[in-house]
Amino acid sequence: MPVQVLDNLFIGCLDDVENRGTMAALGVRAILTVDSKPLGKVIQAVDATCEMTYKHVSVLDVDTEDILSHLANTNQYIDESRSQEKAVIVHWLEYFFHMF
């Protein structure tokens, strides 16, 4: 289950993003993927009727990655989506591996 960070802002894993019921229940209509690869065709198929928007930021989960250089861009996407009453889920799989 995604973790709520703020109103209309969640962090989740691929299973969360692929679960139409979860996305609908949370009102998620915007996905931000922070990973080395975009979500791909599986998620695009889920979007067929959901009017979902996507943003992919290509980063590696390594100490030398300059994640801070992406913050202005990702924050703008999140802020714009939330201002349009779209809940956003940040899909960052590696985030969960480091939590446990």
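T22 is buried in this predicted model, with a relative accessible area of 13%. That is under the 20% cut-off, so T22 gets the buried label. You'll find T22 in helix α2, which covers residues 20-26. Setting aside neighbours within four places in sequence, T22 is in contact with M1, P2 and D16.

**The overall picture**

- The protein has 5 helices and 5 strands, and reading along the sequence gives the pattern β-β-α-α-β-α-β-α-β-α.
- There are 100 residues in the protein, and 35% of them count as buried.
- Take the contacts between residues at least 6 apart in sequence: 59% of them join residues at least 24 apart.
- About 6,200 Å² of the protein is exposed, and carbon and sulfur atoms supply 55% of that area.

**Strand β5, covered on both sides**

- How many residues of β5 are buried? The count is 5 of 5, so by the under-20% cut-off this strand is mostly covered.
- In a regular strand, side chains alternate between the two faces of the sheet.
- On one side of β5 sit A87, I89 and H91, and on the other V88 and V90; all of these are buried, so both faces are covered.
- Strand β2 (residues 9-12) runs parallel to β5, and 4 bridges join the two.
- Strand β3 (residues 28-35) also runs parallel to β5, this time with 5 bridges.
- H91 turns up in both pairings: H91 is the bridge partner of G12 and also of T33.
- Over on β3, V28 stands opposite A87 of β5.

**Strand β3 and its link to β4**

- β3 is mostly covered as well, with 7 of its 8 residues buried.
- β3 and β4 pair in the parallel sense over 6 bridges.
- One of the matches here is A30, whose bridge partner in β4 is T53.

**T53, a residue of β4**

- T53 is found in strand β4, which spans residues 53-58.
- Is T53 buried or partly exposed? T53 counts as partly exposed because its relative accessibility is 25%, and the partly exposed class lies between the 20% and 50% cut-offs.
- Not counting residues up to four places away in sequence, T53 touches R29, A30, I31, Y77 and K86.
- T53 and V88 are 35 residues apart along the chain, and their C-alpha atoms are separated by 9.3 Å.

**The loop just before β5**

- K86 is in the loop between α4 (71-83) and β5 (87-91).
- Even in a loop, K86 counts as buried, because its relative accessibility is 11%.
- Which residues does K86 touch, leaving out those up to four places away in sequence? They are N8, G27, R29, T53 and S81.
- E85 is in the loop between α4 and β5 too, but E85 counts as exposed, at 59% relative accessibility.
- E85 has a positive phi of about 65 degrees although it isn't a glycine.

**N8, another positive phi**

- N8 has a phi near 60 degrees, which is positive in a residue other than glycine.
- N8 is in the loop between β1 (3-6) and β2.
- At 26% relative accessibility, N8 counts as partly exposed, and N8 is among the residues that K86 touches.

**The largest pocket**

- Rolling a probe the size of a water molecule over the atoms shows where empty space is left.
- The largest pocket has a volume of about 250 Å³.
- This pocket is lined by 17 residues, and the closest to its centre are L32, V34, L71, V90 and W92.
- β2, β3 and α4 each supply at least two residues of the lining.
- Which element gives the largest share of the lining? α4 does, with 4 residues.
- Sorted by class, the lining has 14 nonpolar residues, 3 polar ones and no charged ones.

Conventions
Residues are numbered from 1 along each chain as its sequence is written. This is a predicted model: local features need pLDDT of at least 70, side-chain atom pairs count only at pLDDT 80 or more; totals for chains, interfaces and linings use all residues. Side-chain values use heavy atoms; hydrogens and water are left out. Buried means under 20% relative accessible area, exposed over 50%, partly exposed in between (1.4 Å probe, protein chains only). Contact means heavy atoms within 4.5 Å. Two strands pair if DSSP finds at least two bridges between them. Accessible areas come from the Shrake-Rupley method with a 1.4 Å probe; for residues, only the protein chains shown count as cover. On a 1 Å grid over the protein atoms alone, a cavity is a set of points where a 1.4 Å probe fits but cannot get out, and a pocket is an open set with protein on both sides within 12 Å along at least five of seven lines; lining residues have an atom within 4 Å of a point. Grid points are joined across faces, edges and corners, and a volume is the space filled by probe spheres set on the points. Ala, Val, Leu, Ile, Met, Phe, Trp, Tyr, Cys and Pro count as nonpolar, Asp, Glu, Lys and Arg as charged, and the others, Gly among them, as polar.
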